[in-house]
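Subject: Structure handover

Hello,

Please find the structure below. My notes on it come after.

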2 protein chains.
Amino acid sequence: MDFGVTPFDGVPLPPRVTICEVGPRDGPQNESAVLPVAVKAEFVERLVDAGHTVVETTSFVHPKWVPQLADADDLIRAITIAPGIRYPVLVPNMAGLERALDLGVRDIAVFGSVTETFSRRNLNRSVDESLEMFAPVVARAREAGIRVRGYLSMCFGDPWKREVPVRRVLDVATRMRALGCTELSIGGTIGVATPGRVEAVLATLITAAIPVDSIAVHFHDTYGEALANTLTALRKGIVIIDASAGGLGGCPYAGSATGNLATEDLLWQLYGLGIETGVDLQKMVDTSVWLAGHLGRPSPSRTVTALAG
Amino acid sequence: MDFGVTPFDGVPLPPRVTICEVGPRDGPQNESAVLPVAVKAEFVERLVDAGHTVVETTSFVHPKWVPQLADADDLIRAITIAPGIRYPVLVPNMAGLERALDLGVRDIAVFGSVTETFSRRNLNRSVDESLEMFAPVVARAREAGIRVRGYLSMCFGDPWKREVPVRRVLDVATRMRALGCTELSIGGTIGVATPGRVEAVLATLITAAIPVDSIAVHFHDTYGEALANTLTALRKGIVIIDASAGGLGGCPYAGSATGNLATEDLLWQLYGLGIETGVDLQKMVDTSVWLAGHLGRPSPSRTVTALAG
């Protein structure tokens, strides 16, 4: 359906955005089912075939913490790497980075937090300690000419501390950039973000001269807010949006089955707004239905549910 | 949680909105289970207890068409009417209006369409014929000093005709107002609306001097767009928003289990934006969980799922 491109209240929206597809990394680590490497590789290849240019593929964490991703090396080797496509991986520390470099990985991400409680629960260290841990990782990666995304989680509230001051987000963002991160992903993580808060955080980052095209947003649909928040981010000129095929994955602390914004729901909105992504909605729906068969549960995505027929 | 009121990109949002709670009317007519009158009455009373001031209670359609609502008269008699609360009912024709008037109903709604195909499928007559049918109903109701809401369905696209020109919406809106409708509900109906389209339709109506405080919006969450569309409507100054407890009901032609915007999801967004509604979120969640027990299926609302625990 073509509902036309509409000038938006005088504010031009970006004509094109890049979706950072996080399904392969964020999905399996929150599922009890362990998918075979061949299925994971096919998943990544299907996402690229659908038109994605950035597919966060896996995480080089220690298998003790996330056994579902113990096959990270095998997965990277199993994927048919397509030219011009980025396959970032999460690395928590130098050991992870060395594994990634040995495999020829050209894009990494580090996963930080703006709140102390989540930092301790997720990384077992304070925010300061986590940034100290990331420093040599980012430096080494940058020396190797590799792009580094820095995740900032819990930017809009966390389940323990609740309100998170905007200056905390700005502080961690500034420090991550100082370490050498080339892109920041501003994360909702537990889905409590609402549009006014999103606007305030993004306005603060942009006013502080963090380049708008180096800021990604990462929203969770736990309370159904992901697309209203995305719309708010688009109005601020954000051009990188994280999403997960079929809404896979999310935060285990959020207390709900619904986590990441589903790529399909995002595509519906962007298509309606006339914003280009290069990603084919029907191929994404087909992929999510296919993967749901392997996971043994239906996708929570509204759009997948509506279009799966 | 208090995430604070944030000035929104220079555009002030309304400090308070009225939710038109449509669950009792729109829910049962789309469920296979027929709820006992006592359960329906308790549902309405719970919604009022949660803080709702407008609860669309039932529909005086012929039982041949919607057998689930054959008990409309009994339900109106069963409810303990609270002072200051509005209990609108849907009436399709003069027979329905006379039933409503006999029962002391003080708020009615007529249900029209802006597209011919949906008009024929839903009302078995053309748009012109439906407006002719409504004319004496609205006139008689206005004579009796009763408020009349006019529903305009399929304002943002329909499953058959797809694109719906904005001028069609304006045309039917203008004619419904000329009949005497005191409020118009601009409906998505199948959930295909996206924010640019919503803005274009609302801007057209407001520019045509339809008072902004007489315009309600009615969005469906079929593709996850309801809250992004709601945000867009708030930015246009809309202060009446339709929602359904737990996301009950929707359009049988939409081809998905997900229909109306859930009141709980709406409340989460409005609370985060600092917009008053007078409706208690936890009481709504409790009510939707209670009703889900009677319906035998869980609520599709994201917020109910997250907060039901």
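These are notes on the sheet and on some of the helices.

The model is predicted: local features need pLDDT of at least 70, side-chain atom pairs count only at pLDDT 80 or more, and totals for chains, interfaces and linings use all residues. Residues are numbered from 1 along each chain as its sequence is written, and chains are lettered from A and ligands numbered from 1 in the order in which they are written.

Sheet. In chain A, nine strands (DSSP E runs of at least two residues; helices are H or I runs of at least four, both numbered from the N terminus) make an open, parallel sheet in the order S2-S1-S9-S8-S7-S6-S5-S4-S3. Strands pair if DSSP finds at least two bridges between them. Strands S2 (54-55) and S3 (58-59) of chain A are at the edges with a single partner strand each, so one side of each has no neighbour in the sheet. S3(A) is joined to S4 (residues 89-90) of chain A by two bridges, and A:Ser59 is opposite A:Leu90 in S4(A).

Helix H8 (residues 195-207) of chain A. Its 13 residues should span 18 Å at 1.5 Å a residue (the expected span is 1.5 Å times one less than the number of residues), and the end C-alpha atoms are 18 Å apart, which agrees. Its buried residues (20 or more other C-beta atoms within 10 Å of their own, C-beta atoms being placed from the backbone) include A:Val198, A:Val201, A:Leu202 and A:Leu205. After H8(A) comes A:Ala209, with a positive phi near 70°.

Regards

Notes: Buried ≥ 20, exposed ≤ 12 C-beta atoms within 10 Å, placed from the backbone.
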